[in-house]
Every structure is written in structure tokens, then in C-alpha cells.
Amino acid sequence: QSGEVAANPEQYDESYLCPVQVGQTTLNLDFDTGSADLWVFSTLTPKSESTGHSLYNPSTGTKKSGYTWDISYGDGSGASGTVYADKVVVGGVTATSQAVEAATSVSSQFEQDTDNDGLLGLAFSSINTVEPQAQKTFFDSVKGSLAKPLFTADLKKGAAGTYDFGYIDSSKYTGSISYVNVNTANGFWEFTASGYAVGSGSVSGSVGDAIADTGTTLMYLPTTVVQAYYNKVDSADYDSNQGGYTYDCSENLPNFLISLGGKTFTVSGTDINFAPVDSSGETCFGGIQENTGIGMSILGDIFLKSVFVVFDQTQSTPRLGFAAQ
Ligand SMILES: O=C(NNC1=NCCC1)c1ccc(Br)cc1
């Protein structure tokens with residue numbers, strides 16, 4: 001089988017939500033290559049936390065008795081609950097007995113984002129949080145039945161993009177796809193990014209260890225790289241109250257160039273201009289921030305909306321493929 005599903009941006013492209021049939025209900029889920037749990041708001045979620053969300057009704061599933069889950073994300077959000085087996089359909093691709101993690105508790109970030117009905121993890125199943133036994137991601141559940149064991153992400157700035165499962169649609173990118181090997185030891189789509197440049201010109205230095213994470217909004221890079229970037233933005237400075245680099249919204253940001261698999265990709269300055277910090281619209285928060293304390297770099301949606309990405313498990317070593325959109 002193979003299929004395609006829309007990835008609809010929230011305001012400021014904070015996250016991208018995709019319609020997924022879970023049991024007999026269609027929910028809008030955040031596809032997250034940075035985690036490996038498929039969890040949903042459900043009729044088991046306290047009403048005080050689930051108002052405004054579409055809900056999974058576990059009555060259509062088979063309860064996995066004694067199984068629980070509890071996940072925390074890099075931004076401090078999280079959720080926990082119980083586990084069912086049920087049918088999940090993404091763009092026509094069907095997992096007949098997918099582990100569906102029904103939330104019995106969610107953090108305030110999820111409670112408040114009423115467009116988001118849960119997450120569909122696309123990292124490696126080794127980091128699934130279900131106890132006493134880790135469960136397969138949707139991709140792992142269907143991988144053997146896909147025309148090719150791969151999926152692609154084509155996210156866009158302020159417009160609907162797509163995730164494709166089982167095939168590469170050559171109309172979605174230009175030029176050739178350049179591949180890097182993935183290190184799965186941490187359960188992420190983790191690889192080594194090479195040189196970079198600010199504005200234009202030839203790349204140099206090294207961004208280093210990085211993950212491709214559709215569930216993280218911004219790009220988090222080494223301090224040296226981030227300082228080199230904002231040195232080219234006159235009004236920029238690090239604002240500890242905002243927790244990152246801000247600048248005058250009227251200022252044009254430089255492009256950011258990064259070399260992956262021998263090919264240089266350009267993230268346009270307009271894509272790096274993330275969002276105003278408040279309703280006055282005077283000061284803006286940058287889409288490139290420091291990776292201090294994370295332990296690796298994160299190429300999140302700010303980067304991913306500039307490229308076409310192949311999450312490839314066709315070989316014994318998984319690969320990431322990057323092409324210009
Ligand atoms: O949590 C992570 N990605 N997904 C999501 N973030 C917020 C909601 C979903 C994440 C993954 C790896 C690293 Br390293 C840092 C953060």
C-alpha cells in the first residue's frame with residue numbers, strides 16, 4: 001500500500017496537523033519524527049482538559065490491559081494514559097491493529113491547543129514509552145506492507161504540505177536527493193550535518209550532530225553558529241525574558257546555508273523570521289536559536305519547510321534524503 005496525507009499548518013507554522021482515522025473518528029494529529037508514541041485525546045481525558053478537541057472513543061478498540069504510557073517532550077509538554085489496539089488510517093494506508101495511546105492526562109500546552117488532537121510519532125520504536133512493553137509506531141506497523149519502506153515530508157511555509165508513505169513523488173522536489181546515514185542509537189533520525197554559511201557564499205565549519213524533527217518548530221544550532229548568524233542582524237540580541245534571540249520585525253534576516261550529504265541547502269531569511277513576541281508586532285523571535293543543554297542540534301520545521309525529506313528504511317542502515325523544494 002501507499003498514501004498521501006495533508007499537513008496543515010497552525011498559526012506561524014507552530015506545528016502541522018494531519019487528519020488521521022483512529023477507530024471510527026478522524027482526529028488532527030501532529031506527525032512527530034522526534035518521538036515514537038501515537039497518543040490521542042480521548043473520552044477518558046478529563047473534560048476540563050479536553051474541551052474543544054476531537055476525541056477517540058476507546059470502545060471501538062481492544063484494551064491492552066495493564067499497559068500505560070507517559071511521555072515528556074523537549075519543550076516541557078507531556079501526556080500520559082492507557083493503551084488500546086485499534087484501526088488507524090493515514091492517507092489510505094491502514095494499520096489494522098495499531099497501539100493507540102489514549103490520554104488520561106495532558107499538559108497545559110496540549111489542553112490549550114484545541115486544533116491538536118494528539119501526536120503520531122515517527123521516530124524509532126525503541127523510544128516508545130509504553131510499559132511494560134514498547135509498542136510499534138504507525139510507520140513500523142505498516143512498513144512491511146508499503147510499496148517501499150519509507151515516508152517523505154514536504155512541509156510548507158503558511159500552506160498545506162504533505163506526508164507520503166511508501167513512495168517518493170518526484171514532482172515535489174527539484175534536482176537530486178542527497179542522502180546521509182542515520183544513527184538510531186538515541187531513537188531519533190540523527191545524522192551529522194556539515195558546513196554552514198550566513199547570507200551567501202561557501203560553507204565552512206560544521207554544525208555536527210543533528211536530528212530531523214518535524215515535531216519541533218524551530219532550528220536549534222550550536223552557539224557559535226547562532227552567534228555568527230545574528231551578528232549579521234543589526235537589531236538582534238539575546239533576550240533572556242523571551243528565552244532566545246529577538247530582533248526588530250522590520251529587519252530583513254539573512255539566509256542560512258547548510259551542507260548535508262555533500263549538497264548545500266538554503267533556508268531563506270523570510271523562513272527564519274518566526275513570529276512577533278507580542279501583539280505589537282515590533283519585536284520578533286528568530287527561527288534559529290541555541291541548542292544549549294539539548295546535546296545535539298535540531299532541524300525542526302523552520303528548516304524542514306525549505307526542503308523535501310525522505311525518511312528511508314529501505315536499507316539495513318536507515319538514511320535521510322534531502323532535496324530542494
Ligand atoms: O520533543 C521533541 N520533539 N517533538 C515534540 N516537541 C514538542 C511536541 C512534540 C524533541 C525530540 C528530540 C530532541 Br533532542 C528534543 C526535542
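**Reading the fold of a predicted chain**

Me: How many helices and strands does the chain have?

Reply: It comes to six helices and 25 strands; these are DSSP runs numbered from the N terminus, with helices being H or I of at least four residues and strands E of at least two. Keep in mind that this is a predicted model, where local features need pLDDT of at least 70, side-chain atom pairs count only at pLDDT 80 or more, and totals for chains, interfaces and linings use all residues. Residues are numbered from 1 along each chain as its sequence is written, and side-chain values use heavy atoms, with hydrogens and water left out.

Me: What does the radius of gyration say here?

Reply: The value is taken over C-alpha atoms, and the globule rule is 2.2 Å times the number of residues to the power 0.38. For 325 residues a compact globule would come out near 20 Å, and the chain's 19 Å agrees with that.

Me: How much of the chain is buried?

Reply: Buried means under 20% relative accessible area, with a 1.4 Å probe and protein chains only. Here 54% of the 325 residues make that cut.

Me: And which strands does strand 1 pair with?

Reply: Two strands pair if DSSP finds at least two bridges between them. Strand 1 (residues 3-9) runs antiparallel to strand 10 (residues 159-165), joined by five bridges, and alanine 7 sits opposite glycine 161 there. Strand 1 also pairs with strand 2 (residues 16-22), again antiparallel, over two bridges, with asparagine 8 opposite leucine 17.

Me: What about the hairpin of strand 1 and strand 2?

Reply: Six residues lie between those strands, and tyrosine 12 takes a positive phi near 60°.

Conventions. Buried < 20%, exposed > 50% of the residue type's maximum accessible area, 1.4 Å probe, protein only.
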